Amino acid sequence: KAFRKLTGMAGMLPVLEIDCTELTARGFVGDSITELLNTHRDEMKDNQTGFDTTIVFLDEFDKICKPAFSSGGTDHNRNTQYNLLKVIEGCELRKKDGPFVKGNPAGTGTHHMLFIMAGNFSEVRHARKAVKEAKVLGFQTSAPEVAEAGFVDLHSELDKAGMATQLVGRTPFVAELTELGHDELRNILDNHLIPEFETTWKYLGKKLEVSEDTKETIIQNCFKRKTGARGLQTDL
């Protein structure tokens, strides 16, 4: 919703959010990308154009970049990534009950879908930070100088994080977001979390009041713990 509002697409393009921690390859326990997109087909219809024009937000994508081997030695997560290749590139998904026919609700086309793969990728970021902060003795130049120059090959970073090379090649745009600042955390606290807690306490016949000092303490604790917006609820 926030993305559509910021881009002026509010009320135009539907957004489907998929939690990748529940995503599996075809034939394994869980939901495959094909099954999920077909299940939400009606939600993804653009009411103005009638096409499957949708933003598919793949959250926690970094979780399926880590190896997950079965007893037979099969990496389920890597297979899940391979299943995404054709889907992201653009294809026609088929339902189990019949072939996809244009104009027939038997399947879903992905040609008009924008896939956004989001994740923390903390291991790669921490490794980069360690290189940047490494101290060098002598006259030889090394990787820290490259890091200090501000150049980072983000596609290479994705490859290091465990994303399949073929999938990296199908990801033309890579952006690294900065951590939420004080103003952003305060906005989330004032306009989302506190109103929710106020409503809960209201049902119990109580009134919740949060002082300015308390709000500031909660925000500062998030910075100390490096928990981001998720940490706001810890002290509230």
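1. Let's start with the overall make-up: the chain has 10 helices and 5 strands. Please keep in mind that this is a predicted model. Of the 236 residues in the chain, 33% are buried. The chain exposes about 15,800 Å², and carbon and sulfur atoms supply 54% of that area. As for how the chain comes together, take the contacts with a separation of 6 or more: residues 24 or more positions apart account for 61% of them.

2. Next, the interior. The largest nonpolar core has 29 residues, and Ile 18, Leu 37, Leu 58, Phe 61 and Leu 167 have the most contacts inside it. Two or more residues of this core come from each of β1 (15-19), α2 (33-39), β2, α3, β5 (113-117), α6 (154-161) and α7 (165-169). Helix α3 gives the largest share, 4 residues.

3. Leu 167 is a handy residue to click on if you want to look around this core. Not counting residues up to four places away in sequence, Leu 167 touches Phe 61, Gln 81, Leu 84, Leu 85, Ile 88 and Met 117. Apart from the 29-residue core lies another one, of 9 residues, which includes Ile 194, Ile 219, Cys 222 and Leu 232.

4. Helix α8 deserves a look of its own. It has 22 residues and reaches 31 Å from its first C-alpha to its last, close to the 32 Å expected at 1.5 Å a residue. There is also a bend of about 40° in α8, at Leu 189. The residues Leu 185, Arg 186, Leu 189, Leu 193 and Ile 194 of α8 are buried, and what covers the buried residues of this helix includes α9 and α10. After α8 comes Gly 205, with a positive phi near 80°.

5. On to the charged pairs: the structure holds 11 salt bridges. Two of them share Arg 186, a buried residue of α8. In one, the side chains of Arg 186 and Asp 190 meet with N and O 2.6 Å apart. These two residues are separated by about one helical turn, because they are 4 residues apart in helix α8 (residues 182-203). Asp 190 counts as partly exposed, at 26% relative accessibility.

6. The other partner of Arg 186 is Glu 212, and the closest N and O atoms of this salt bridge are 2.6 Å apart. Arg 186 lies in helix α8 and Glu 212 in helix α9, so this pair ties together parts that are 26 residues apart in sequence. With 47% relative accessibility, Glu 212 counts as partly exposed.

7. Which residues are linked with Arg 230 in a network of salt bridges? They are Glu 60, Asp 62 and Lys 63. Within this group, Arg 230 forms a salt bridge with Glu 60, the closest N and O atoms being 3.6 Å apart. The pair links distant parts of the chain: Arg 230 is in the loop between α9 (212-225) and α10 (232-235), and Glu 60 is in the loop between β2 (54-59) and α3 (76-89), 170 residues apart. Is Arg 230 buried or exposed? Its relative accessibility is 68%, so Arg 230 counts as exposed.

8. Gly 119 is worth a stop too, in the loop between β5 and α4 (122-133). This glycine is partly exposed, with a relative accessible area of 38%. Gly 119 and Asp 59 are 60 residues apart in sequence, yet their C-alpha atoms are 6.3 Å apart in space. Leaving aside neighbours within four places in sequence, Gly 119 is in contact with Phe 61 and Asp 62. You have met both partners already: Phe 61 in the 29-residue core, and Asp 62 in the network of salt bridges.

9. One last spot is Pro 67, in the loop between β2 and α3. Pro 67 has a relative accessible area of 58%, so it is exposed. Leaving aside its neighbours within four places in sequence, Pro 67 is in contact with Asp 75 and Asn 77. Pro 67 and Asn 77 are 10 residues apart along the chain, with 6.1 Å between their C-alpha atoms.

Definitions and conventions. Residues are numbered from 1 along each chain as its sequence is written. This is a predicted model: local features need pLDDT of at least 70, side-chain atom pairs count only at pLDDT 80 or more; totals for chains, interfaces and linings use all residues. Side-chain values use heavy atoms; hydrogens and water are left out. A salt bridge is a side-chain nitrogen of Lys or Arg within 4 Å of a carboxyl oxygen of Asp or Glu. Buried means under 20% relative accessible area, exposed over 50%, partly exposed in between (1.4 Å probe, protein chains only). Contact means heavy atoms within 4.5 Å. Accessible areas come from the Shrake-Rupley method with a 1.4 Å probe; for residues, only the protein chains shown count as cover. A nonpolar core is a set of buried Ala, Val, Leu, Ile, Met, Phe, Trp, Tyr and Cys residues joined through side-chain atoms within 4.5 Å. The expected span of a helix is 1.5 Å times one less than its number of residues. The bend at a residue is the angle between axes fitted to the seven residues ending there and the seven starting there.
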